[in-house]
Amino acid sequence: MTYVIHGATGAQGAPVVAALTAAAKPVTALTRNPDAVVEGARVLAADHSSTEELTAAYRGAAGVFVHLPVVSEEDRRTQAHHIVAAVRAARPSRVIFSTSGAPIDADTGGAAAILVAGLADAGVSHAVIAPTFYLENLLMPYVVDAVRERGVLPYPIRADFAASWASHLDIADVAVALFDRPDITGVVSVGQFPAITGPDLAEAFGARFGKDVVFEPITPEQFRGSVAPLIGEGPAVDVAAFYAAMSTLPGRSITVENSAQKLLGIQPRTTGQWLADIGL
């Protein structure tokens, strides 16, 4: 029985593939590119908007790792419906879904909420990984180049906004652990606790780069303009709207009760540890 990994060649799926293959588990890398090469894995091309192709990929799987791509929210909702339909039809042994920080409250009507509700209704063993912000967002050229060239770390949150940042590497650690822990269901929060602020991030970058780095709050609209060339205008608008919504909150910290720290004994990387691990 294999483990099927969505986005296996991408930033979030690739570390999951690496962690599973390191544990000598069979992996099927799900990708849109039939010519992709994924070390240690069988590559399977599938259209994420095809229930039939996803069903064939999931059937007989020991586990499926799912996350939704950075596309328009409309496309994400369409894909969520197809994934749920495929899970219901194929009934893999276990499904792990990473929300990628998207809200999962049913009243939002968002793609992540649709997928979480659908998995619960399908009656298949599953767990939901809920990070807040990804440290990898800080690797965007607009951010990391400013650190190198100007000694500032720009990001669209307030300086006093405390959040539980996590790495894609942390998500992989938690996903692999959850595949082996069917007794853990529901939402598992992943991120640093206590939560940290923008100036804390800047301090960690400064220590790593050996220079003074200060945090620079920017507006969601400024951020939209910086990421649109990378991810497209439509997704960039959705990202900006997300950060605009965050600006109305006091912070975004995980809770200890449902954290990976408490449920799995997995301690997320500090910002400094993450920078060292990726060799920046």
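**Exercise 1.** State which elements cover the buried residues of α2, then work out how those buried residues are arranged around the helix axis.

*Solution.* The cover over the buried residues of α2 includes the strands β1 (3-6), β2 (27-31), β3 (42-45) and β4 (63-67), together with α3 (73-90). The model is a predicted one.

Step 1. List the buried residues. In helix α2, which spans residues 51-58, these are Thr51, Leu54, Thr55, Ala57 and Tyr58.

Step 2. Place them around the axis. Their arc is only 160°, so they lie on the same side of α2. Residues three or four places apart point the same way because an α-helix has 3.6 residues a turn.

Step 3. Look at the other face. Turned away from the buried side of α2 are the exposed residues Glu52 and Ala56.

Step 4. Follow the chain past the helix. Glycine 60, just after α2, has a positive phi of about 80°.

**Exercise 2.** Identify the residues of the largest nonpolar core that touch the most other members, and find the element that gives the largest share.

*Solution.* Step 1. The core holds 30 residues, and those touching the most other members are Ile5, Leu20, Phe65, Ile96, Ile129, Val174 and Leu178.

Step 2. Two or more residues each come from β1, α1 (13-22), β2, β6 (126-131), α6 (168-179), β11 (186-190) and α10 (260-264). Helix α6 gives the largest share, seven residues.

Step 3. Take one member and list its contacts. Beyond four places in sequence, leucine 20 is in contact with Tyr3, Ile5, Lys25, Val27, Val176 and Phe179.

**Exercise 3.** Classify leucine 230 and leucine 280 as buried, partly exposed or exposed, and describe the setting of each.

*Solution.* Step 1. Leucine 230 belongs to helix α8 (residues 220-231). Its relative accessibility is 54%, so leucine 230 is exposed, the cut-off for that class being over 50%.

Step 2. Leucine 230 is part of a nonpolar surface patch with Val70 and Ile231, whose accessible area together is about 260 Å². In soluble globular proteins, by contrast, nonpolar side chains tend to be buried together.

Step 3. Leucine 280 is found in the segment after α11 (271-277). A relative accessibility of 25% makes leucine 280 partly exposed, since buried would require under 20%.

Step 4. Setting aside residues up to four places away in sequence, leucine 280 touches Leu139, Val144, Arg148, Phe205, Arg208, Phe209 and Leu275.

Step 5. For a distance, take threonine 185: 95 residues separate it from leucine 280 in sequence, and their C-alpha atoms are 35 Å apart in space.

Methods:
Residues numbered from 1 in each chain as written. Predicted model: local features only at pLDDT ≥ 70, side-chain atom pairs only at ≥ 80, totals over all residues. Heavy atoms only, no water. Patch = residues over 30% accessible without salt bridge, like charges linked within 9 Å, V, L, I, M, F, W, Y side chains within 5 Å. Areas by Shrake-Rupley, 256 points an atom, 1.4 Å probe, with all protein chains shown as cover. Salt bridge = Lys/Arg side-chain N within 4 Å of Asp/Glu carboxyl O. Helix = DSSP H or I, 4+ residues; strand = E, 2+ residues; numbered from the N terminus. Buried < 20%, exposed > 50% of the residue type's maximum accessible area, 1.4 Å probe, protein only. Contact = heavy atoms within 4.5 Å. Arc of directions from axis to C-beta. Core = buried A, V, L, I, M, F, W, Y, C linked by side-chain atoms within 4.5 Å.
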